[in-house]
Amino acid sequence: MCSIEKERKEPLLEVKNLKKHFKINSKEILKAVDDVSFEIYKGETLGIVGESGCGKTTCGRTCVKLYDKTDGTVLFKGQDVHSFNKSEYRKFTKETQMIFQDPYSSLDSRLIVNDIIAEGMKVHGICNSKEERSEKIREILSQVGLNKEHASRYAYEFSGGQRQRIGIARALAVNPEFMVCDEPISALDVSVQAQIVNLLMRLQEERGLTYLFIAHDLSMVKHISDRIGVMYLGNLVELTTSSELYQSPSHPYTKALLSAIPVPDPDYQMERQRIVLQGDIPSPINPPMGCKFAQRCKYALPKCREATPKLKKISEGHFVACYLYD
Ligand code: SF4
């Protein structure tokens with residue numbers, strides 16, 4: 001966990017009732033993000049987890065205006081991201097960066113590493129000369145665990161973990177304050193995943209970065225996140241601190257996700273019960289009325305199928321969207 005003192009009074013990013021819907025045809029609408037609210041404080045890591053198709057990536061992309069919103073608000077340092085004028089947007093693209101899931105497709109294989117990293121620096125006028133820029137790039141490469149010789153090699157010459165380090169170097173090169181890390185470890189070997197998570201945590205410590213860290217399972221996200229939000233079919237169903245989520249998961253979906261993580265103690269692993277969810281995640285196209293988890297929830301009540309439960313506070317800093325906690 002990052003030890004940097006959190007300036008918790010000041011949210012860097014505020015997401016209020018955000019919706020991102022995609023029109024498929026005249027009758028069908030894909031509700032990828034459907035009324036999601038959260039805040040991210042300076043120096044904090046907020047993890048967002050959920051199965052694929054739950055809307056976490058769309059949410060991250062809408063937060064940094066890679067997608068236009070359908071409804072709601074995203075405020076960055078108090079300013080509405082989706083109402084920026086040209087110069088405000090340009091500044092925002094320097095202050096916020098993304099690290100992508102696939103380190104193979106997110107880097108241009110026709111360019112050498114130096115040029116991949118230099119692109120954003122040129123756009124934002126960082127460094128006055130080519131030499132100064134190359135020197136800065138070598139410095140950043142060493143910060144992410146690569147060396148200066150790597151600057152003149154092509155991205156395809158590197159392993160997945162090294163490519164992800166190049167992607168991180170590219171993001172860092174413009175000195176961002178906020179980074180959306182979109183499943184940055186899910187395409188990597190398990191042995192490399194921990195190295196990348198540790199690197200991101202060290203960089204956060206050194207640079208005071210703020211992260212939105214998106215992941216599809218809860219195992220690795222625990223180590224990097226201060227708080228975690230669990231998404232299911234476009235909704236945030238639970239939001240609390242990382243430790244509280246692991247010790248007292250409350251939403252039936254969170255409990256099922258956690259029960260799927262193996263624990264190192266073999267006796268405890270034998271005793272604990274895995275919660276196997278019935279059925280598949282429903283389609284986000286014209287999703288069912290009410291709680292979207294109702295079809296798979298063994299506690300479902302008649303009212304669960306009538307209206308979507310809102311995220312409510314059940315204890316200090318712990319929010320759950322479930323009628324069991326009314
Ligand atoms: Fe289950 Fe109802 Fe809670 Fe949804 S609101 S998780 S269906 S108990």
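**Exercise 1. Classify aspartate 326 in this predicted model, then describe its salt bridge with lysine 303.**

*Solution.*
Step 1: Start with accessibility. Aspartate 326 has a relative accessible area of 55%, so this residue is exposed, given that exposed means over 50%.
Step 2: Look at the partner. Lysine 303 has 37% relative accessibility and therefore counts as partly exposed.
Step 3: Check the distance. The closest N and O atoms of lysine 303 and aspartate 326 are 3.4 Å apart, and the cut-off for a salt bridge is 4 Å.
Step 4: Place the pair in the chain. Lysine 303 sits in the loop between H10 and S11, while aspartate 326 belongs to the segment after strand S12 (318-320); the two are 23 residues apart and link distant parts of the chain.

**Exercise 2. Find what the salt bridge between arginine 227 and glutamate 44 ties together.**

*Solution.*
Step 1: Begin with the whole structure, where a search finds 17 salt bridges.
Step 2: Pick out our pair. The side chains of arginine 227 and glutamate 44 meet at 2.6 Å, N to O.
Step 3: Locate the partners. Arginine 227 is in strand S9 (residues 227-232) and glutamate 44 is in the loop between strand S2 (29-42) and strand S3 (45-49), so the bridge joins parts 183 residues apart in sequence.
Step 4: Add the surroundings: arginine 227 and glutamate 44 are both buried.
Step 5: For another case, try the salt bridge of aspartate 68 with lysine 65, at 3.8 Å between the closest N and O atoms. Aspartate 68 is partly exposed, with a relative accessible area of 49%.
Step 6: Salt bridges can also form a network, as they do among Lys77, Lys91, Glu95 and Glu177.

**Exercise 3. Is lysine 292 buried or exposed, and which polar atoms does its side chain meet?**

*Solution.*
Step 1: Lysine 292 lies in the loop between H10 and S11.
Step 2: Its relative accessibility is 5%, so lysine 292 counts as buried.
Step 3: A polar atom of the lysine 292 side chain lies 3.3 Å from the backbone oxygen of leucine 233. The side chain of lysine 292 also makes a polar contact with the side chain of asparagine 235, again listed at 3.3 Å.
Step 4: Beyond neighbours within four places in sequence, the contacts of lysine 292 include Asp34, Tyr232 and Pro282.

**Exercise 4. Which residues join leucine 301 in a nonpolar surface patch?**

*Solution.*
Step 1: Leucine 301 is in the loop between helix H10 (266-271) and strand S11 (312-315).
Step 2: With 32% relative accessibility, leucine 301 counts as partly exposed.
Step 3: The patch combines leucine 301 with Tyr299, Ile314, Leu324 and Tyr325, and together they have about 390 Å² of accessible area.

Terms used
Residues are numbered from 1 along each chain as its sequence is written. This is a predicted model: local features need pLDDT of at least 70, side-chain atom pairs count only at pLDDT 80 or more; totals for chains, interfaces and linings use all residues. Side-chain values use heavy atoms; hydrogens and water are left out. Patches are made of residues with over 30% relative accessible area and no salt bridge: like charges are joined within 9 Å, nonpolar side chains (Val, Leu, Ile, Met, Phe, Trp, Tyr) within 5 Å. Accessible areas come from the Shrake-Rupley method with a 1.4 Å probe; for residues, only the protein chains shown count as cover. Helices (H or I, at least four residues) and strands (E, at least two) are DSSP runs, numbered from the N terminus. Buried means under 20% relative accessible area, exposed over 50%, partly exposed in between (1.4 Å probe, protein chains only). A polar contact is a pair of N or O atoms within 3.5 Å; within protein, one must be able to donate a hydrogen and the other to accept it, and residues adjacent in sequence count only if both atoms are side-chain atoms. Contact means heavy atoms within 4.5 Å.
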